[in-house]
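Q: I am new to this structure and would love a close look at one part of it. Could you choose a single strand, walk me through its surroundings, and then show me how a few other places compare as landmarks?

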Amino acid sequence: MTVLGVFSSQSTVHLLHRVLMSVFVVVAVYFHVTQAQSQESKGTQKGQDDVVRLKTHLVTMDVMVKDKKGKYLTDLKAQEFTILEGGAEQRIEFFDPPLVAASGTDQPKAAEAASTVKSSGRPTNILSLVLDGATTDVTNLKQVREGTLKYIRERLTDTDAVAVFGVSTDLQLLQPFTNDKAKLIAAVDNAYLLAGSNKNLERSQVTQDIERARADSVGPGNLPQSAAAAAMGPAAAQAMIAARALEQFIKLRAQLSAQQARPVLAALAAICEAQRAIPGKKTLVLFSQGFVAPEILDWQVQSVIDIANRANVAIYIIDSAGLRTSAPLSTSPVPAAALAGVSATNSTETRMRAVGGENVFDNVRHEGLSREYDILYRVSGDTGGEFIKGSNDLAKGLDRIDVEIRSRYTLSYYSTDSNFDGSFRKVRVEVRRPDTNVISRSGYYANAGDEIVPLSPDEKKLLANPAAFENNPALPLFVEMSPFRSKEGRYIVPLSIELPPSAVKFDRKGDKQHVEFDVLGVIREAPARIIGRLGGGFDIGLSAEQYQAILKNNIFYRQDMELVPGSYIVELIVRDKLSGKMAGRRETLVLPVADAGFSTTGVVLSRYAVPTNNSPGAAESGDVFSQGGVQIRPFPSREFRATDNLILFFELYNAANTQAGKPLVRVTVTLMKDNAVAIKPIDYVLTETLGRPVPHLTFAKYIKLAGLPQGKYTAMVEALDMVSHKLVKQQASFLITQ
C-alpha cells in the first residue's frame with residue numbers, strides 16, 4: 001500500500017486517497033480489537049507470574065456432539081466433557097453451552113470454574129459473511145445474493161451479530177456487525193454489485209496456452225536448450241520456441257494464482273484476528289470458487305489457520321459456483337490423478353528439472369481434478385468448519401452451517417504444557433455419555449505469545465536484526481510517526497517513509513520507469529510481543545511525467561495505524577528489489593493516556609498540499625491530514641528548497657470556550673537560524689472546532705521560504721489558550737538545501 005511522491009498528477013491524488021483509505025480501514029479493524037484485547041489482559045492481570053503465564057496459553061475450542069442417529073445433542077453439562085492434550089487431561093476453565101440451549105433457565109457451568117464466557121445482553125453468535133470477489137465469477141453472484149438474503153430473512157435472531165465483507169484486490173467492510181436485517185440486506189446487495197476482480201478467465205486462457213505449448217513440444221526431456229541446438233533443423237527450432245512459450249505461460253499461471261490467493265488469505269487472517277478478544281460463537285462463511293495457493297504462500301495459509309484457531313473462529317466455505325456440470329479437467333498429458341504425473345511418464349532428472357520456475361512436483365498444485373478445492377478443504381477442515389459444494393441452492397448450505405453453529409459448545413482451558421515452541425499438539429475431546437460422536441478440531445499449533453503475525457521465512461530473517469541495516473548511506477531512510485487522538489481514547493498514527501530516488505534503481509519497461517521495493521515492518525508491544533505487521537511489496541510503473549516528478553522529490557509511503565495508549569516498538573526494513581539495497585529502522589512510540597488538559601500533537605512539516613473532494617471545513621474523508629478541502633503529505637526528510645512553502649500542521653485539544661461558546665487560541669510561529677530570528681513571529685488565531693474523530697482545532701498554515709539562505713532552521717511554535725491562559729511550546733527542525 002504505497003504512494004509515490006508525485007503530487008503534480010491529479011490521477012496520483014486519486015490513487016493517494018483510495019490507497020490510504022483502504023489501508024486505514026483494514027488496519028483500523030485489525031488493531032482496534034487487538035489492542036482491546038491488550039487492555040483487557042492488562043486489566044485482569046493480578047501480578048502473579050504463574051497467572052500471567054497461564055493466561056498466555058489459553059486454548060479455546062468449539063465442540064459438537066451427535067447421538068447415534070446423527071442428531072445434535074445440546075443438553076450436555078460441562079462435567080460430562082473431558083479434554084486430553086497429548087494424552088494429558090486438562091481442566092475446563094470456561095464453558096459455553098450451545099445457542100439453542102442458551103434460553104434454558106439452567107445454564108450449565110464447568111465444575112469449579114468461575115464463570116461462562118458468555119456475557120448477558122450481547123450477541124453470542126458472531127457471523128462474518130465474506131464474498132470472495134477475487135475468484136467468484138460475476139455470473140455466480142446472483143445465487144450467492146439470493147442464498148444469503150434468504151438466510152438473513154429466515155434465520156437471523158436477536159442474539160446474532162452479522163457483518164458483510166467483500167474481497168477483491170483488498171478487504172472491504174460492507175456492513176459492520178449488526179442484527180438489523182435491512183442494513184444487512186442492503187450490504188448484500190452492495191456485495192452483489194462488487195466488481196469482479198478475479199483472474200479466472202485469464203487463468204483459463206493461460207491453461208489452454210500451456211496445453212497447446214505442451215502439444216507443440218517434443219517432450220520436456222528432448223527440448224533443445226540453445227539456439228545452436230535449434231539450428232539443427234526447423235522442427236528443433238519450433239520445439240525450442242514452444243519450450244520458451246511454455247516457460248512463460250507457467251510463470252504467468254503461478255503469478256495469477258498468487259494474485260488470487262493473497263488478498264483472500266490476508267482478508268481471512270484480518271477478520272479472524274479482529275475477533276480474537278470477542279466472546280461468543282464465532283464463524284466465518286466464505287463464498288469462493290476456489291484458488292490455487294503456490295508453494296511460496298504455504299506460510300500464509302498456515303498463518304490463516306493458526307490465527308483462526310487462536311481466535312476460535314470456525315471457517316466454513318461454500319463453493320460460489322454451485323453445481324458444476326463437470327469437474328475441472330487436467331491440462332497435463334499425464335494421467336488425471338495429480339500425483340500420477342510425478343512418477344508416470346518422465347525420467348527422474350526431467351521430473352526434478354524446473355520449467356518456468358516449476359518442476360512436476362509444483363505442477364501438481366495446479367493440475368489434475370479440482371486442484372482449486374485443495375486450499376478450501378484445508379482451511380475449513382483445520383479450523384473446525386466445512387467445505388460445502390455441489391448445490392445451486394446456497395441457502396441450504398447456510399442453513400446447514402446455522403444448525404452447526406447453534407449446536408456448538410465452547411470449551412476453554414489453560415494448557416498444562418508451558419513450553420509453547422510452535423509444535424502441533426493433538427487434542428481429543430471425550431463425552432461421558434454412551435453412543436455419542438464428538439466433532440472438534442484435532443489440535444493446534446502451540447505458538448508462543450498472544451498474537452500470531454503472518455510472516456514468511458524470508459521476512460522473519462529480514463526482521464531478525466533490523467539494526468544491521470540502520471544508517472545505511474547507500475539507501476537513506478526517513479521515517480516519521482505522528483500520533484493523533486481518535487475516538488474512545490485511541491490514537492491514529494500515520495507512519496510516513498521517504499526514500500531519495502537517487503538511491504533507488506529504476507528499470508525502464510516500454511514507456512514506463514519501474515521501481516520495485518519491499519516495505520516490511522512489525523509493531524511490538526514493548527518490549528517484545530509482536531501485535532501486527534506493516535507494509536507490503538510494490539512494483540510501480542511511472543509515466544514520464546511521474547518519473548520526472550519523482551526525481552525532483554522523494555519516493556513516499558504511508559500507512560495508518562490505530563492503537564490504544566501504551567509503549568510500542570516499530571521495526572522496519574525497506575529493500576530496493578532491483579539493486580538489493582536495504583535500510584532498517586527501529587523506533588520507539590509512546591502513546592500517553594489522553595487527559596482533559598490543553599495539549600497539541602507534534603508539528604508535522606510538509607511542502608505538498610493538494611485539493612481534496614471535500615468542501616472547505618469538511619472532514620468526511622477521515623484522513624487526519626485533510627483540512628478545509630486540502631490534503632497535505634508529511635515530509636519526514638525535512639529538506640526544503642528556498643522556492644518551497646513550509647507547511648506546518650498539528651492539532652490542538654481541550655481548548656476552553658469563551659462566553660460565546662467558541663475557543664480562542666493564538667498560535668505564534670517563529671523561524672530561527674543559528675539562535676537568531678530568521679523570520680519575525682507570525683500570529684494566527686484559531687476559533688473553529690472540528691468534531692471528528694474527537695473535538696479539536698487544526699493548525700494548517702504555510703510560510704514562504706523565498707529569500708532565506710541555506711542552512712539548518714527551527715520552527716518555534718507557541719499555542720496559547722487565551723481563555724484558560726495555558727501555553728504549550730514545541731519546535732520542529734528542518735533544512736533548506738538550495
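A: Happy to help! Please keep in mind that this is a predicted model. Before we reach the strand, let us begin with a landmark inside the structure. Helix H3 (141-155) gives the largest share of the lining of the largest cavity, namely four residues. H3 has company there: E5, strand E6 (160-167) and helix H4 (181-192) each supply at least two residues of that lining as well. The space in this largest cavity comes to about 110 Å³. Its lining counts 13 residues, and the closest to its centre are Leu131, Val144, Thr148, Val188 and Ala191. Sorted by class, the lining residues are 11 nonpolar, one polar and one charged.

Now for the strand itself, E8, which covers residues 281-288. Is E8 enclosed or open, and why? Eight of its eight residues are buried, so E8 is largely enclosed by the rest of the structure. You can follow this on both faces of the strand. Lys281, Thr283, Val285 and Phe287 point one way, while Lys282, Leu284, Leu286 and Ser288 point the other way, and all of them are buried.

Next, look at the neighbours of E8. Strand E5 (residues 125-132) pairs with E8 in the parallel sense, over seven bridges. To find this pairing on screen, start at leucine 127, whose bridge partner in E8 is threonine 283. E5 is also a link back to our landmark, as E5 supplies at least two residues of the lining of the largest cavity.

Strand E9 (residues 313-319) is another partner of E8, and here too the pairing is parallel, with seven bridges. A handy place to see this pairing is lysine 282, which stands opposite valine 313 in E9. Helix H8 (residues 298-311) joins the picture here: E8, H8 and E9 together make a right-handed β-α-β unit.

One end of E8 has a contact that deserves a closer look. The side chain of lysine 281 is joined to that of threonine 410 by a polar contact of 2.9 Å. Threonine 410 belongs to strand E11 (residues 409-414). Is threonine 410 buried or exposed? Threonine 410 is buried, with a relative accessible area of 5%. Lysine 281 is buried too.

For other landmarks, let us move further along the chain. The structure holds two cavities of 30 Å³ or more, and the second largest has about 30 Å³ of space. Its lining is made of Ile497, Leu499, Phe517, Val519, Ile555, Phe556 and Tyr557. By class these are seven nonpolar residues, with no polar and no charged ones. Strand E17 (491-499), strand E19 (512-525) and strand E21 (555-563) each bring at least two residues to this lining, and E21 has the largest share, with three.

Finally, there is an open sheet to find. Five strands form this sheet in the order E29-E35-E34-E31-E32, and their pairing is mixed. Strand E29 (639-640) and strand E32 (676-686) are the edge strands, each pairing on one side only. Within the sheet, strand E31 (residues 665-673) and strand E34 (residues 711-721) pair in the antiparallel sense over eight bridges. Leucine 671 is a good starting point there, with alanine 715 as its bridge partner in E34. Set beside this antiparallel pair, E8 has parallel pairings with E5 and with E9.

Definitions and conventions: Residues numbered from 1 in each chain as written. Predicted model: local features only at pLDDT ≥ 70, side-chain atom pairs only at ≥ 80, totals over all residues. Heavy atoms only, no water. Buried < 20%, exposed > 50% of the residue type's maximum accessible area, 1.4 Å probe, protein only. Pairing = 2+ DSSP bridges. Right-handed = clockwise from strand over helix to strand, strands pointing away. 1 Å grid on protein atoms, 1.4 Å probe; cavity = no way out; pocket = protein on both sides within 12 Å on 5 of 7 lines; lining within 4 Å. Points joined across faces, edges and corners; volume = space filled by probe spheres on them. Nonpolar A, V, L, I, M, F, W, Y, C, P; charged D, E, K, R; others polar. Polar contact = N/O pair within 3.5 Å; in protein donor to acceptor, adjacent residues only side chain to side chain.
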